[in-house]
Amino acid sequence: MTIWNAIFLGIIQGLTEFLPISSSGHLSIMTNLFDVNAADGGYMFFSVLLNIGSLLALILLYWQDIKNMAVEILGLMNIGPMAGVHRERYPAARMFFMILAASIPLFFILPIRKKLAVLYFNSIFIAVSIILTGCMLFVSDKMKEGNKGLGSMTFLDAIIIGLCQFASAVPGLSRPATTITAGIATGLKRTFAVRFSFLLSVPVLLGMNILNLVDAIKMGFDTSILPAGFVGMLVSMLASIVAILVVRYLAQKGKLGTFAYYCWVMGVLAIILTLIF
């Protein structure tokens, strides 16, 4: 793994993780076309570092939300700076419980995780899933603007979004596209649907990184990959920040469907290249 490869893959990971176009799909197609062995422990560890970069970007941009959730949850347990302080509303704690409810379906992925991993080597399947992602984005732009925010969002809304996030475990389906579309469908405001989707990504990336790190350590890896890995992680973090800001801007303008055309072109192109090579 060269530094230039690390930079290239870091950009791909960072942009596609949060742009609604499927990071897993892009990385899988790239590694399949260029014959990078994704089952190799070194590559898996490198992939974990790229995902850590994306997680750091989320924490940096949503640090205030994360901090407020932690403070209010501790306050409810009479611990920390809010210990002994009683309020009528705990909005950050409510957000935490909504995220917790939406994360429950993820536990059902664990028994089928290895079966899903096999699909990462099927570029045609992934390409079709990317095309379906484009269809979701196209439909999401046609949906009527909702009026629900944190105060009016229900636990049923959170569970529906969580179930759609579970479906996005299929390689090639974009998690942001799936959860944002689901949020809009349940009546959330577009900007809040994006905010909730990104905050929901924090436990997902954290859990995924822990599981993949354990697998990578079991396989073993050459420590010589570390310099390129850390460069890739930094690039992934910076690219992720750009991607999140772009999605937030387009959501505010109601133009997330712009990415639908990219997904369709990318999906068709991936099918053609796979058949040729």
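## Pocket lining, surface patch and salt bridges

By class, the residues lining the second largest pocket are twelve nonpolar, one polar and no charged. The model described here is a predicted one.

**The second largest pocket**

This pocket, the second largest, holds about 310 Å³ of space. Its lining is made of 13 residues, and M69, F96, I99, V202 and P203 are the closest to its centre. The elements giving two or more residues to this lining are α4, α5 and α10, the last of these spanning 190-219. Space of this kind can be found with a simple test: a probe the size of a water molecule, rolled over the atoms, shows where empty space is left.

**The nonpolar surface patch**

F96 also appears on the outside of the model, in a nonpolar surface patch of about 450 Å² that it makes with L76, F97, L100 and F155. Helix α5 supplies the largest share of the nonpolar patch, with three residues. F155 belongs to helix α8, which covers residues 155-167. With a relative accessibility of 43%, F155 counts as partly exposed, because that value falls between the 20% and 50% cut-offs.

**The loop between α4 and α5**

Helix α4 covers 63-76 and helix α5 covers 91-103, and N78 lies in the loop between them. N78 is not a glycine, yet it has a positive phi of about 60°. Its relative accessibility is 53%, so N78 counts as exposed, the cut-off being over 50%.

M82 is placed in the loop between α4 and α5 as well. Is M82 buried or exposed? The relative accessible area of M82 is 11%, and because buried means under 20%, M82 is buried. In sequence M82 and E72 are ten residues apart, while in space their C-alpha atoms are 6.9 Å apart.

**Salt bridges**

How many salt bridges does a search of the whole structure find? The search finds four salt bridges. The table gives some of them, including the N to O distance for each pair.

| Pair | N to O distance |
|---|---|
| R195 and D65 | 2.7 Å |
| K148 and D157 | 2.9 Å |
| E145 and R190 | 3.0 Å |

In the pair of R195 and D65, the two side chains meet in a salt bridge. R195 sits in helix α10 and D65 in helix α4, so this pair ties together parts that are 130 residues apart in sequence. R195 is partly exposed, with a relative accessible area of 29%, whereas D65 counts as buried at 18% relative accessibility.

E145 forms a salt bridge with R190. E145 lies in the loop between α7 (123-142) and α8, and R190 lies in helix α10, so the pair ties together parts that are 45 residues apart in sequence. At 44% relative accessibility, E145 counts as partly exposed. R190, by its relative accessibility of 10%, counts as buried.

The side chains of K148 and D157 also meet in a salt bridge. D157 has a relative accessibility of 5% and therefore counts as buried, since the limit is under 20%.

Conventions. Residues numbered from 1 in each chain as written. Predicted model: local features only at pLDDT ≥ 70, side-chain atom pairs only at ≥ 80, totals over all residues. Heavy atoms only, no water. Helix = DSSP H or I, 4+ residues; strand = E, 2+ residues; numbered from the N terminus. Buried < 20%, exposed > 50% of the residue type's maximum accessible area, 1.4 Å probe, protein only. Patch = residues over 30% accessible without salt bridge, like charges linked within 9 Å, V, L, I, M, F, W, Y side chains within 5 Å. Areas by Shrake-Rupley, 256 points an atom, 1.4 Å probe, with all protein chains shown as cover. 1 Å grid on protein atoms, 1.4 Å probe; cavity = no way out; pocket = protein on both sides within 12 Å on 5 of 7 lines; lining within 4 Å. Points joined across faces, edges and corners; volume = space filled by probe spheres on them. Nonpolar A, V, L, I, M, F, W, Y, C, P; charged D, E, K, R; others polar.
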